[in-house]
Amino acid sequence: MAHTAMSSVPGASLRNQPADERRARFLAAYRAVRAETERRASFLSPEDQIVQSMADASPTKWHRAHVTWFFETFLVREYDKSYALFDERFPFLFNSYYVAAGPRHARPQRGLITRPNSEEVTRYRAHVDAAVERLIEHVSEEDAPRVFEILEIGLNHEQQHQELLLTDILHAFAQNPTNPAYDPDWQMPRGATGPREVNDFIDVPSGIQPIGHDNASFCYDNELPRHDALIPKMRIARHLVTNAQWLAFIEAGGYRTPSLWLSDGWAAVQAEGWEAPGYWRQGDGTWHVMTLGGLKPVDPAAPVLHVSYYEADAFARFAGKCLPSEQEWEVAVRAGIIADAFGLSWQWTRSAYLSYPGYRAAEGALGEYNGKFMSGQMVLRGASLATPDGHERLTYRNFFYPPARWQFSSLRLAEFP
């Protein structure tokens, strides 16, 4: 599972505030985040909430239960000794990959868990919510720092799953020949307005630049420690690559030209039969794309979405450019020189997902959150249209395997003199 993160969960910067204020703000934060998960799930029927369309995706019902298990396991059971488990089966069913937290149901088989049903998961959420709220209101001053720290992680964790809830159900609906809409009123968010010149590249501040989180507010351990990186003289595209540009790539035979592709990428093209981005479909000479609002005509001006790292790399080679590194992207955003860094798509970089110099994973089961995935994946930066409001951060590092296309993933180009 990949992660997204946020810097502005209400209460996330309240560690040194008076106890009563911390309690009130964290209580409000908890209620708001939990309500947003239920709001997103409310568009779905009980049948919708069971489906698992591939091993990398999870059912909506499982997402709702898993984030609840997280609070139950790492917060309530640790700090409320009077707490009674809602159901002794649930820790096995709804653990994800936390080996230290105990055995777990196989990820590819989550869609087979028709029982407990969605109503039982709703009751489970209410049971844990009541326990968490009691803990927030009555936690001792001695335990409060650690309780609020874990609560903060849990809120960010749940917001990550709010995004996955949408990407996973979109993948499921894309397999349905009736092209159902998650939300018939959904519209693609508007990005930056104005001309989008293909050659609109801007100089990125070069030299030694700080990279990573400053540790003044919440962040994940993979954003630390803050360190210096040498940024070469280079330029980055102001805008994201558009569907019009991608159509030109398709029409020029981009998916049929092996010289544009990494070896593993070309193997994926042939094995998967890729001819266009994920969810694109051609009919009567017109391209359509499956969206959260159902099947829509491809908008030439919108950023291309649902492309893999392999496709992003091939397109960059086709354009005579490259992808920026995650460090170059971060410096460019900090300098305010690029448009739509957040809110439309995650953007592939050419950086492998590795630890920063001096990185150390957290102790215990929560140390499994990021560090053990630092192999074979590539970094994406930014935030997408499915990311909850306020959930983006300049230094956040998303990561996926190179063939992944079901996320709202896109790209911007870079060039060197």
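## Two cis prolines and a positive phi

Let us start in a loop: Pro116 sits in the one between helix H3 (90–94) and H4. The model here is a predicted one, and in it the peptide bond leading from Arg115 into Pro116 is cis, with omega near 5 degrees. A cis bond also links Leu224 to Pro225, where omega is about -5 degrees. Pro225 belongs to the loop between strand S2 (207–211) and strand S3 (227–231).

Another loop residue is worth a look while you are browsing the backbone. Asn179, in the loop between H5 and strand S1 (201–203), is not a glycine, yet has a positive phi, near 55 degrees. For background, most peptide bonds are trans, and most residues other than glycine have a negative phi.

## H1 against H4

Now to the helices. Helix H1 (residues 19–41) and helix H4 (residues 118–138) have axes that come within 9 Å and cross at roughly 165 degrees. Angles over 145 degrees count as roughly antiparallel, and H1 and H4 are therefore roughly antiparallel to each other. Their crossing is right-handed.

Which residues make this contact? On the H1 side they are Arg23, Phe26, Leu27, Tyr30, Arg31, Arg34, Thr37 and Glu38. H4 answers with Arg125, Val128, Asp129, Val132, Glu133, Ile136, Glu137 and His138. Sorted by class, the contact of H1 with H4 holds eight charged, six nonpolar and two polar residues.

## H4 against H5

H4 also meets H5, the helix that spans residues 144–174. The axes of H4 and H5 come within 11 Å, crossing at roughly 145 degrees, and this crossing is left-handed. From H4 come Arg125, Val132, Leu135 and Ile136, while H5 brings Val147, Phe148, Leu151 and Glu158. The contact of H4 with H5 has six nonpolar and two charged residues, and no polar ones.

Some H4 residues turn up in both places. Arg125, Val132 and Ile136 are among the H4 residues in contact with H1, and they are also among those in contact with H5.

## Enclosed space

What does a search of the whole structure find in the way of cavities of 30 Å³ or more? The search finds two, and the largest cavity has a volume of about 40 Å³. Its lining is made up of Asp48, Val51, Gln52, Ser53, Ala57, Ser58, Pro59, Thr60, Asp168, Ile169 and Ala172.

With three residues, helix H5 gives the most to the lining of the largest cavity. By class, that lining has five nonpolar, four polar and two charged residues.

## The largest pocket

The largest pocket holds about 760 Å³ of space. It is lined by 34 residues, and those nearest its centre are Met54, Pro403, Ala404, Arg405 and Trp406. Two or more lining residues come from each of helix H2 (60–79), H5, helix H7 (263–272), strand S5 (280–283) and strand S10 (398–400).

Which element gives the most to the lining of the largest pocket? H5 does, with four residues. The lining of the largest pocket divides into 19 nonpolar, eight charged and seven polar residues. H5 is thus a good helix to follow through the model: H5 gives the most to the lining of the largest cavity, gives the most to the lining of the largest pocket and crosses H4.

Key: Residues are numbered from 1 along each chain as its sequence is written. This is a predicted model: local features need pLDDT of at least 70, side-chain atom pairs count only at pLDDT 80 or more; totals for chains, interfaces and linings use all residues. Side-chain values use heavy atoms; hydrogens and water are left out. Axes are lines fitted to C-alpha atoms, for helices over the stretch in contact, and angles run from 0 to 180 degrees between N-to-C directions. Angles under 35 degrees count as roughly parallel, over 145 as roughly antiparallel, 65 to 115 as roughly perpendicular and the rest as oblique. A crossing is left-handed if the near helix is turned anticlockwise from the far one by less than a right angle, and right-handed if clockwise. Contact means heavy atoms within 4.5 Å. Ala, Val, Leu, Ile, Met, Phe, Trp, Tyr, Cys and Pro count as nonpolar, Asp, Glu, Lys and Arg as charged, and the others, Gly among them, as polar. On a 1 Å grid over the protein atoms alone, a cavity is a set of points where a 1.4 Å probe fits but cannot get out, and a pocket is an open set with protein on both sides within 12 Å along at least five of seven lines; lining residues have an atom within 4 Å of a point. Grid points are joined across faces, edges and corners, and a volume is the space filled by probe spheres set on the points.
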